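Trainee: Could you walk me through the salt bridges in this one? I'd like a close look at which side chains pair up and how buried or exposed they are.

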Amino acid sequence: MFSLYRFKKQKAGRCVFLLLTIALFICGFHADTLTAYATLEELEAEAEARKSLPIQSNDIENWPVGPQIGAQSAILMDANTGVILYSKNIHERLYPASTTKIMTCLLAMERGNLDDMVEFSHDAVFTVPADGSNMGMDTGEAITLEECLYGILVGSANEVSNAVAEYISGSIDDFVTLMNERAEEIGCKDTHFVNANGLHDTEHYTSTYDLALISSLFFQNEMLCKIGNTPRYHFEPTNTQPDDFYLNNKHKLINGEIPYNGILGGKTGYTDNARQTLVTCAEQNGMRLVCIVFKEESPAQFTDTEELFNYGFHNFQVMNISENEDRYNIEATGFLQIGDDIFGSSKPILSIDTDSYVIVPNVVSFSDLDSEIDYSISDENRVAQIRYSYHDMYVGSAYLNLVTESGATYEFDTNITTSDVSVERVEPESDKEPAQEKDTIFINVKKVLITILVLAASLIFLFVLRALIANRKTAKRRNNRVKRKQRRRSYVHSDFDDFDF
């Protein structure tokens, strides 16, 4: 179906192309009408058939049943923890279309400066279809990188994506290499990019899971959220860009056509091969959920997304780990152990991260979760990690942190390694009262003082023993000297006994 995109000004070359396209469209309209309707019916039938595809998250015991949607692949993931609430063919390789630009903008934010000027080369402008998404930039014009991001995320401008790629890496090819390297760093396994804008190529693909990983980083950036959640943006004329025009966002959950509370941003996508694709992020009830929908028919990509958000926010809950965990006895060698100190004011040396949480179905309690300890942590301030799962489904994790700053009067050695820490699972006792403090490691000052006293007593004993031995030797020498004097005196008296003075 022909789609006419707004041009910010009429360029001679583009006008000719546009007029020819319109002429061909008008001439072939009547002949193609029946075919177009037949194709639409086939596409709708395919979408209806896709509703019967298996939803893998529905196979988890006691997991909320997710909605049957017409998308080929869809995922609902918490951006902060990576917990997957809904999964449908999330590792299938599909065409992302313009949702590719999520990665393009992420790299631009990570490696660029928003105030830098981005100049448009001939290749950036003319290597994209004139009838595709663009904002009509010309060779030699320039706008700031921040304006480029608005052009990409609000107007889905293909030539702007190319210009940003050249600005970041020097060439589009080098930028594509960077995209693939960054995807691998993030953990993507089913992704391969060949361009910066998502125009169709059989070797340009990703999965909803991989794009959710990329999008999770994207929506942790406040500036990208701000730009990506803009319904309409005004470009004003400058010395390097002479036109005054507006770009309108086609994402219905962003522009207000489908009101939804907590939307943080998103990106639309479409090609004939990819069909409708959509990325959206929303935040409610302590969860920041990313929803990705691939290969759907319009406008169902928006209603699918709304339905999946409702499913996530209504059927799942957040549980703080440090406030609920009581199944582990966490000890460290030396003077560190669980319990209150006798002064009641010492600071914790080891503790479970207070910001960590799990996301579980509303019907599941914390005690229903399985957990395991991972000591392969490279961070010097993190000693171990506890990972939680429910029927083998990952639901969150918490780090056992080493607290390096303390307000306590006493200073102790905090150079602790994983070999110094013992984490043992403790089976709960039904008649045991809940502990007042859970999962926090305190300095046991009583133990410290007792140890110091024992050491001091030992030292005093050694000093006293040494003094006694030394005194005994001194007394013996004194006695020997007295005896020698007495013997000499007795010798003198015996020599003069025969004389009468």
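Mentor: Sure, and keep in mind that this is a predicted model. The count comes to seven salt bridges, and I'll take you through some of them.

Let's start in helix α6, which runs over residues 172-186 and holds both E185 and R182. Their side chains meet in a salt bridge, with 3.3 Å from N to O. The two residues sit three apart, about one turn of the helix. Now look at the surface on each side of that pair: E185 counts as exposed because its relative accessibility is 59%, over the 50% mark. R182 counts as buried, since its 17% is under 20%.

Next, find R275, which forms a salt bridge with E297, the closest N and O atoms being 2.9 Å apart. This pair links distant parts of the chain: R275 is in strand β8 (residues 275-284), E297 is in the loop between β9 (287-296) and α9 (300-315), and 22 residues separate them. Both ends are tucked away here: R275 is buried at 12% relative accessibility, and E297 is buried at 11%.

Going back to R182 and E185, they belong to one network with E110, joined by salt bridges that share partners.

Last stop is K51, which forms a salt bridge with E48, where the closest N and O atoms are 3.4 Å apart. K51 is partly exposed, with 33% relative accessibility. E48 is partly exposed too, with a relative accessible area of 49%; that value falls short of exposed because the label needs over 50%.

How values were computed:
Residues are numbered from 1 along each chain as its sequence is written. This is a predicted model: local features need pLDDT of at least 70, side-chain atom pairs count only at pLDDT 80 or more; totals for chains, interfaces and linings use all residues. Side-chain values use heavy atoms; hydrogens and water are left out. A salt bridge is a side-chain nitrogen of Lys or Arg within 4 Å of a carboxyl oxygen of Asp or Glu. Buried means under 20% relative accessible area, exposed over 50%, partly exposed in between (1.4 Å probe, protein chains only). Helices (H or I, at least four residues) and strands (E, at least two) are DSSP runs, numbered from the N terminus.
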